[in-house]
Every structure is written in C-alpha cells, then in structure tokens.
Amino acid sequence: MSDSASSSPSTAETDTLARRGLMFIMSSPSGAGKTTISRMLLEHDPHICISVSVTTRPPRPGEIDGKDYHFVDHAQFDRMVENDDFLEWAEVFGHCYGTPKAQVKTGLKEGQDYLFDIDWQGTQQLYQKLERDVVRVFLLPPSIDELRRRLTGRGTDSAEVIAGRMARARSEISHWDGYDYVVVNDDIQTCFEKVTEILAAERMRRARQTGLIGFVRELMRPEDGIAP
Ligand SMILES: Nc1nc2c(ncn2[C@@H]2O[C@H](COP(=O)(O)OP(=O)(O)O)[C@@H](O)[C@H]2O)c(=O)[nH]1
Ligand SMILES: Nc1ncnc2c1ncn2[C@@H]1O[C@H](COP(=O)(O)OP(=O)(O)O)[C@@H](O)[C@H]1O
C-alpha cells in the first residue's frame with residue numbers, strides 16, 4: 001500500500017463514521033400506502049427499525065402483537081399516559097395510539113434510525129420535542145378514487161369503517177404542508193425508491209454525522225516532517 005493510501009481515510013472508514021440516528025416519520029391518509037412502504041423499507045434496510053406504537057385498536061387479521069402494534073386496553077393505555085411513557089400520543093378513529101419513549105431516546109444516540117408510521121398530530125408533537133432528529137415524509141394517493149379502491153382492496157375493514165376513513169381523508173390530506181417531503185404513491189416501486197433516496201440523503205446531513213469532527217481533524221493533520 002502506498003503512503004498516500006495508508007494515510008488517507010478509506011471508503012470503509014467513511015461508511016462507518018459515527019452518526020446520530022434519525023426519526024423517519026411517514027404519514028398519509030389511511031390507505032395511501034404507508035404501511036406497505038414501511039414494510040419494504042424495513043425489509044431492505046438493516047439500519048432502520050420501526051418504533052412499534054401502543055394502541056387500543058383491536059388487531060386486524062394477520063397483525064402480530066409486539067410487531068405491528070402493542071395492543072392494550074384503555075386502562076393500560078391511561079396508565080402509560082400517567083407514567084409519562086409516551087413521546088407523543090393521539091386519538092385517531094376513536095382509538096388511542098402512542099409512541100413509547102424508552103427505546104428511541106437511547107437508540108438515537110447509538111446511531112439507530114427509527115421509522116414512525118404515525119398521523120399528523122403525532123408528527124407535530126415529535127417535531128416540537130425533537131426537531132433536529134425528525135424527518136417528515138407525507139404520502140399522497142394518486143387520486144381519491146384510487147384511495148377508495150385501495151382501502152376496499154385491502155379487505156381489512158368493514159364498509160362502515162372504510163366510509164369513516166374516506167370521510168377523514170380530506171382533512172388528513174390538508175396537513176401535507178407540515179411535512180419536509182411529499183411523495184405521490186402511484187407506482188409502488190417508484191415511491192419506494194423515492195423514499196429510500198430521501199432517507200439516504202438525510203443520513204448524510206452534516207449535523208447528524210457526529211464522527212466527522214475527528215475524521216476531518218485527521219485529514220487536516222500535518223504530515224510528519226512537513227510544515228502546515
Ligand atoms: N399520533 C400517533 N398516530 C399513530 C400512532 N400509531 C399509528 N398512528 C396513526 O393512526 C392512524 C390509524 O392507524 P391504523 O389503525 O393502523 O390504520 P391505517 O391508517 O390503515 O394505518 C394512522 O394515521 C397511523 O399513522 C402513534 O403512535 N401515534
Ligand atoms: N402504489 C400502490 N399501488 C397499488 N396498491 C397499493 C399501492 N400502495 C399500497 N397499495 C395497497 O393499498 C392498500 C392500502 O395500503 P396500506 O399500506 O395498508 O395503507 P396505509 O398504511 O396508508 O393505510 C394495501 O392493500 C396495499 O397493498
């Protein structure tokens with residue numbers, strides 16, 4: 001190896017520079033595809049994990065306790081609120097949803113990224129508390145008709161529940177301007193690629209790359225015997 005190669009930082013070093021984790025929030029009107037995109041991200045990216053919310057909503061068929069949500073009853077949820085166990089919580093569609101505090105705060109310091117599938121109310125609360133760690137992404141459906149088709153096609157909700165979700169869609173969409181990025185989820189693969197690019201760029205933000213100070217100091221160190 002030449003002198004210049006051994007004294008300059010390698011690509012491997014730059015890839016593993018210490019970095020503070022980020023909170024990657026994805027919101028959308030119900031049915032626009034945030035659960036689908038979240039699952040794709042988690043499957044393809046080993047550096048991000050989901051922040052599993054606590055909810056009083058009953059599980060849907062196929063949902064697993066502890067993986068999709070922590071399913072609790074109202075009394076348990078109220079106790080967690082009283083104990084200040086949540087970073088944020090909100091009532092959506094008549095059920096309570098909350099983001100547990102414990103894991104995220106330590107994980108961020110260790111460089112762990114977290115994905116949040118939460119609504120606009122939770123997004124505002126997290127942004128107020130942890131602004132510099134938060135990246136806010138809003139997904140839009142290509143049309144209202146397509147949103148209805150997706151909610152119906154998902155086959156998890158009754159006609160009444162779907163009508164309720166459709167009725168709320170317009171008010172949810174009205175919060176699009178409280179987000180850093182907005183992506184129209186038309187083709188699923190294209191949407192996934194765009195979301196992945198946002199995540200990659202946000203990881204490179206200077207303020208998040210806590211290892212840069214030492215790295216740059218090393219780059220600027222005068223070489224032995226050569227005056228600066
Ligand atoms: N504020 C907040 N919202 C949440 C949380 N977990 C889920 N939500 C939101 O609650 C809403 C209903 O979620 P869900 O019942 O899973 O149905 P979905 O709309 O089909 O994903 C969605 O807008 C979620 O983003 C949370 O911890 N906090
Ligand atoms: N780009 C897309 N094109 C077609 N169907 C989609 C697309 N994205 C998601 N879907 C489907 O739409 C339904 C709702 O998606 P989901 O991810 O559950 O939405 P949300 O979590 O926002 O409520 C699911 O059946 C999903 O497979």
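**Exercise 1. How many helices and how many strands does the protein chain have?**

Solution. Start with the model itself, which is predicted. Going through the secondary structure of the protein chain gives 10 helices and 9 strands. For the overall dimensions, take the C-alpha trace along its principal axes: the spans are about 80 × 40 × 30 Å.

**Exercise 2. What percentage of the residues of the protein chain count as buried?**

Solution. First, fix the cut-off: a residue is buried when its relative accessible area is under 20%. Next, apply that to the 228 residues of the protein chain, and 40% of them qualify. Then turn to the outside, where the accessible surface comes to about 13,100 Å² and carbon and sulfur atoms account for 53% of it.

**Exercise 3. Look at contacts between residues at least 6 apart in sequence, and find what share joins residues at least 24 apart.**

Solution. Count a pair as a contact when heavy atoms lie within 4.5 Å. Within this set, 70% of the contacts link residues at least 24 apart.

**Exercise 4. How far apart are the mean positions of the positive and negative charges?**

Solution. Begin by tallying 28 positive and 36 negative charges in the protein chain. Average each group's positions, and the two means turn out to be 3 Å apart.

**Exercise 5. Which residues are closest to ligand 2?**

Solution. Around ligand 2 there are 15 residues, and the closest are Gly31, Thr35, Thr36, Asn185 and Asp186. Now check polar side-chain atoms against oxygen atoms of the ligand: Lys34 has one at 2.9 Å, Arg154 has one at 2.9 Å, and Ser28 has one at 3.3 Å. Finally, consider cover: on its own, ligand 2 has 570 Å² of accessible area, and the protein covers 76% of that.

Note on methods: Residues numbered from 1 in each chain as written. Chains lettered and ligands numbered in written order. Heavy atoms only, no water. Helix = DSSP H or I, 4+ residues; strand = E, 2+ residues; numbered from the N terminus. Buried < 20%, exposed > 50% of the residue type's maximum accessible area, 1.4 Å probe, protein only. Areas by Shrake-Rupley, 256 points an atom, 1.4 Å probe, with all protein chains shown as cover. Lys, Arg positive; Asp, Glu negative; His and termini not counted. Charge placed at Lys NZ, Arg CZ, Asp CG, Glu CD. Near = heavy atom within 4 Å. Polar contact = N/O pair within 3.5 Å; in protein donor to acceptor, adjacent residues only side chain to side chain.
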